[in-house]
Amino acid sequence: MSLLDRVLEKNKSYVKNRKEKGREEYLSSHAKKEALILTCMDTRLVGVLEEAMGFKRGEVKVLKNAGNTIRDNCSDVIRSISLGTIMMGLKEVFVVGHRDCGMTKENIEDIKKAMLDRGIEEQAINKIDLLKWTGIIDDEKENVIYTVDKIKKSPFIPTDIKVHGLLIDTNSLEIEIIVDGNKEKGEL
């Protein structure tokens with residue numbers, strides 16, 4: 001049985017169980033808490049990050065990418081945040097990095113070799129700045145500060161949006177404040 005087949009089988013059981021328990025509910029596509037989280041795609045954060053921050057299903061928007069960062073000349077994260085703030089009324093952004101991020105452990109030579117081994121054409125690889133394309137980071141805290149700064153300086157993000165920078169421990173789930181967007185907006 002393929003992984004897809006197992007997923008579909010589990011989904012049927014899950015949906016049936018929810019119906020039997022009366023847990024079907026309509027949720028708005030808009031965030032109830034008017035907030036967005038930009039975080040890493042690390043699997044250790046799946047199913048626990050929102051809860052560790054006190055949010056429930058449907059209360060916040062969540063964006064994930066490798067390293068919770070915004071690479072140069074890559075505007076997709078900014079586009080999503082901008083549309084969320086302008087069209088959906090989001091008022092706060094939480095950039096949530098994490099300790100022990102895999103993007104601090106990667107190196108360009110290994111990535112290039114892995115790409116070639118998986119059939120990616122060397123010509124395609126050589127056409128890009130692989131370091132910038134991958135978004136490898138040196139330090140999790142510095143990356144959070146960098147990403148918060150990129151969001152705040154974007155001409156597409158309204159200036160009244162609070163942007164916070166946090167770092168979470170993937171084991172204890174304890175959160176450290178790196179950038180307090182409230183203080184920068186004059187609040188206590």
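These legends describe close-up views of a predicted model.

**Figure 1. Overview of the whole chain.**
The predicted protein has 188 residues, and 33% of them count as buried. It contains eight helices and five strands. Along the sequence these elements follow the pattern α-β-α-β-α-β-α-α-α-α-β-β-α. The C-alpha atoms fill a box of roughly 55 × 55 × 35 Å along the principal axes. Among contacts with a separation of 6 or more, 73% link residues 24 or more positions apart. The accessible surface comes to about 12300 Å². Carbon and sulfur atoms hold 51% of that surface. There are 32 positive and 33 negative side chains. The centres of these two sets lie 6 Å apart.

**Figure 2. The largest nonpolar core.**
This core has 20 residues. Ile37, Leu49, Met53, Phe55, Phe94 and Val96 have the most contacts inside it. Four elements give two or more residues each: strand E1 (35-40), strand E3 (92-98), helix H4 (108-117) and strand E4 (162-168). The largest share, three residues, comes from E1. A second, separate core has 18 residues. Leu36, Val93, Val144 and Ile157 are among its members.

**Figure 3. Close-up of valine 96.**
Val96 is one of the residues with the most contacts inside the largest core. Which residues does valine 96 touch, not counting those up to four places away in sequence? Valine 96 touches Ile37, Leu38, Thr39 and Cys40. Its other partners are Leu49, Met53, Asn68, Leu166 and Ile168.

**Figure 4. Serine 82 in helix H3.**
Serine 82 is found in helix H3, which spans residues 76-87. Is serine 82 buried or exposed? Serine 82 has a relative accessible area of 9%, so it counts as buried. Its side chain reaches the backbone oxygen of phenylalanine 156 at 2.7 Å. Leaving out residues up to four places away in sequence, serine 82 touches Phe156 and Ile157. Ile157 also belongs to the second core.

**Figure 5. Lysine 64 in strand E2.**
Lysine 64 lies in strand E2, residues 60-65. Its relative accessibility is 38%, so lysine 64 counts as partly exposed. Lysine 64 and leucine 38 are 26 residues apart in sequence. Their C-alpha atoms are 5.8 Å apart in space. Lysine 64 touches Thr39, Cys40, Met41, Leu45 and Val46, not counting residues up to four places away in sequence. Thr39 and Cys40 are also touched by valine 96.

**Figure 6. Arginine 18 in helix H1.**
Arginine 18 lies in helix H1. Why does arginine 18 count as buried? Its relative accessibility is 13%, and buried means under 20%. Leaving aside neighbours within four places in sequence, arginine 18 is in contact with Arg23, Glu24, Glu25 and Arg57.

**Figure 7. Two non-glycine residues with positive phi.**
Glutamate 34 is found in the loop between helix H1 (3-20) and E1. Its phi is near 55°, a positive value in a residue other than glycine. At 34% relative accessibility, glutamate 34 counts as partly exposed. Aspartate 100 lies in the loop between E3 and H4. Its phi is about 65°, again positive although aspartate 100 is not a glycine. Aspartate 100 is partly exposed, with a relative accessible area of 37%.

**Figure 8. The two ends of helix H4.**
What caps the N-terminal end of H4? Asparagine 107 does: one of its side-chain oxygens lies 3.2 Å from the backbone nitrogen of glutamate 109. Just after H4 comes glycine 119, with a positive phi of about 95°. Glycine 119 is found in the loop between H4 and helix H5 (122-126). Its relative accessible area is 52%, so glycine 119 counts as exposed. Glycine 119 and valine 144 are 25 residues apart along the chain. Their C-alpha atoms are separated by 33 Å. Valine 144 is one of the residues of the second core.

Terms used. Residues are numbered from 1 along each chain as its sequence is written. This is a predicted model: local features need pLDDT of at least 70, side-chain atom pairs count only at pLDDT 80 or more; totals for chains, interfaces and linings use all residues. Side-chain values use heavy atoms; hydrogens and water are left out. A nonpolar core is a set of buried Ala, Val, Leu, Ile, Met, Phe, Trp, Tyr and Cys residues joined through side-chain atoms within 4.5 Å. Buried means under 20% relative accessible area, exposed over 50%, partly exposed in between (1.4 Å probe, protein chains only). Contact means heavy atoms within 4.5 Å. Accessible areas come from the Shrake-Rupley method with a 1.4 Å probe; for residues, only the protein chains shown count as cover. Lys and Arg count as positive and Asp and Glu as negative; His and the chain ends are not counted. The place of a charge is taken as NZ of Lys, CZ of Arg, CG of Asp or CD of Glu. A polar contact is a pair of N or O atoms within 3.5 Å; within protein, one must be able to donate a hydrogen and the other to accept it, and residues adjacent in sequence count only if both atoms are side-chain atoms.
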